[in-house]
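Biologist: I have this chain open in front of me, and I'd like a close look at one part of it. Could you take me through the surroundings of a single acidic residue and then step out to the rest?

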Amino acid sequence: MIRFVLLLLCVSLVCSEIRRLNDQWMAWKSQHNKTYRNTREERHRRGVWEQNLLDIMKHNEETAVGLHSYTLGLNQLSDMTADEVNQLNGLLEEDFSDLNVTSPPPSHQPPPPRVNWTEHGMVSPVQNQGPCGSCWAFSAVGALEGQMKRKTGSLVPLSPQNLLDCSVSLGNRGCRGGYLSRAFLYIIQNKGIDSNTFYPYEHKQGLCRYSVTGRAGYCTGFRILPRHNEVALQYAIANIGPVSVGINAKLASFHKYRGGIYSDPKCSSGLINHAVLVVGYGSENGQDYWLVKNSWGTAWGENGFIRMVRNKNMCGISSFAIYPTI
């Protein structure tokens with residue numbers, strides 16, 4: 001009799017857990033507007049999602065006992081494998097022999113201990129690049145938006161779609177990736193870039209439709225910071241504004257980042273495949289960090305941002321840093 005009662009209890013617990021997991025899956029699909037072509041694809045995607053959920057729970061249990069400085073969470077990428085997400089990382093590696101590196105002028109004063117350009121109206125709202133390797137375009141327009149704000153006093157979101165469609169002749173590849181330097185080179189040669197309102201984002205490459213009527217930004221040059229030099233990057237952030245950088249976004253821990261200061265010893269600085277925008281820096285509980293704007297929507301990270309550990313070249317964050325000049 002006792003065995004039978006225990007068996008019923010186990011069955012009840014298992015059924016309850018299955019119902020809870022089903023409810024969580026349905027809620028996640030609804031939140032992120034997920035639909036699948038057929039039952040077979042949905043079964044596969046749910047299997048990937050469940051494995052990601054298990055990984056998240058295990059990591060967060062370790063964080064709770066002090067093994068990590070950041071947490072993971074579900075987001076719109078949670079039904080994708082790490083390899084699938086990495087296909088969306090579209091930063092192409094620059095040929096440094098063709099680029100001039102500019103060292104920032106020496107500063108007679110130490111930089112402030114904390115900078116956050118989002119608090120000064122120099123950072124536009126986070127967008128979601130979707131199923132397109134357009135990170136390079138979002139990063140480039142973000143850096144230029146900050147410089148235009150400094151010059152004009154107005155923050156106008158600029159058009160990553162303009163760069164996707166129109167800079168192919170310079171070697172950029174639309175949704176298949178691009179170079180930050182050639183994004184700025186296009187704007188220089190074109191004598192401008194349209195606003196995002198005039199030339200909205202479409203999650204895919206199309207025909208070039210630039211019009212001077214929608215022109216909202218311009219630049220006359222760009223500067224590249226010394227490689228692997230976080231002091232130079234800090235100086236630029238403090239004195240110039242948001243800076244475009246390349247990072248290694250290959251790890252699943254980055255894809256699932258939810259909050260805290262990201263520090264993963266497995267994140268090699270020898271590879272950069274994703275462009276983001278450094279918009280500030282600071283310290284928390286004695287740990288220095290960079291404040292970084294991503295282009296994976298607000299469901300990812302800390303409302304679309306990530307804090308990455310500073311002064312360790314985490315994920316190669318100081319391997320390639322560039323900003324436009326006006």
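The part I mean is Asp194: which strand does Asp194 lie in, and how far away is the nearest side chain of opposite charge?

Modeller: Happy to. Bear in mind that this is a predicted model. Asp194 sits in strand β3, a short stretch covering residues 193–194. Asp194 is buried, yet it has no salt bridge. The nearest side chain of opposite charge belongs to Arg215, and that is 7.5 Å away. A salt bridge here needs a side-chain nitrogen of Lys or Arg within 4 Å of a carboxyl oxygen, so that pair doesn't make the cut.

What the side chain of Asp194 does have is backbone company. One of its polar atoms lies 3.0 Å from the backbone nitrogen of Ser211. The backbone nitrogen of Arg215 also comes in, at 3.1 Å from a polar atom of the Asp194 side chain. So Arg215 turns up twice: its side chain is 7.5 Å away, while its backbone nitrogen is 3.1 Å from that acidic side chain.

Now for the wider circle. Leaving out neighbours within four places in sequence, Asp194 touches Leu158, Ser159, Asn162, Tyr199, Arg209, Tyr210, Ser211, Gly214, Arg215 and Ala216. One of those, Arg209, has charged partners elsewhere, being linked with Asp165 and Glu202 in a network of salt bridges.

Let's walk along the chain on either side. Before β3 comes helix α6, residues 180–190, where Leu180, Ser181, Ala183, Phe184, Tyr186 and Ile187 are buried. The helix is followed by Lys191, which has a positive phi near 65° even though Lys191 isn't a glycine. Lys191 is in the loop between α6 and β3, and its relative accessibility is 61%, so it counts as exposed.

On the other side of β3, the loop leading to β4 (215–217) holds Thr213. Thr213 has a relative accessible area of 64%, which means exposed, whereas Asp194 is buried. The C-alpha atoms of Thr213 and Phe198 are 8.6 Å apart, with their positions 15 residues apart along the chain.

If you like the odd backbone angle at Lys191, have a look at Cys315 too. Cys315 is another non-glycine with a positive phi, about 55°, and it belongs to the loop between β10 (305–309) and β11 (321–325). Here the setting is buried, because the relative accessibility of Cys315 is 0%.

Since Asp194 goes without a salt bridge, it's worth seeing where charged side chains do pair up. The chain has 13 salt bridges. One of them joins Arg45 and Glu84, with N and O 2.8 Å apart. That pair ties together distant parts of the chain: Arg45 is in helix α2 (residues 39–64), Glu84 is in helix α3 (residues 82–86), and they are 39 residues apart. Arg45 is buried, at 15% relative accessible area, while Glu84 is partly exposed at 22%.

Glu302 and Arg307 make another bridge, at 2.9 Å from N to O. Glu302 is partly exposed, with a relative accessible area of 24%, and Arg307 is buried at 13%. Then there's Glu119 with Arg114, whose closest N and O atoms are 2.6 Å apart. Both ends of that bridge are partly exposed: Glu119 at 48% and Arg114 at 46%.

Where does all this sit in the whole chain? An unreviewed UniProt entry places "domain: Peptidase C1A papain C-terminal" at residues 111–325. Over that span the chain is 23% helix and 23% strand, and the end C-alpha atoms are 21 Å apart. The unreviewed entry also has "domain: Cathepsin propeptide inhibitor" at residues 25–85. That stretch is 61% helix and 5% strand, with its end C-alpha atoms 20 Å apart.

Overall, the chain has eight helices and eleven strands. A compact globule of 326 residues would have a radius of gyration near 20 Å, and the 22 Å of this chain agrees with that. The C-alpha atoms fill a box of roughly 85 × 45 × 35 Å along the principal axes, and 51% of the residues count as buried. Of the contacts between residues at least 6 apart in sequence, 74% join residues at least 24 apart.

How values were computed
Residues numbered from 1 in each chain as written. Predicted model: local features only at pLDDT ≥ 70, side-chain atom pairs only at ≥ 80, totals over all residues. Heavy atoms only, no water. Helix = DSSP H or I, 4+ residues; strand = E, 2+ residues; numbered from the N terminus. Buried < 20%, exposed > 50% of the residue type's maximum accessible area, 1.4 Å probe, protein only. Lys, Arg positive; Asp, Glu negative; His and termini not counted. Polar contact = N/O pair within 3.5 Å; in protein donor to acceptor, adjacent residues only side chain to side chain. Contact = heavy atoms within 4.5 Å. UniProt positions renumbered as here; feature names shortened; annotations may be inferred. Rg over C-alpha atoms; globule rule 2.2 N^0.38 Å.
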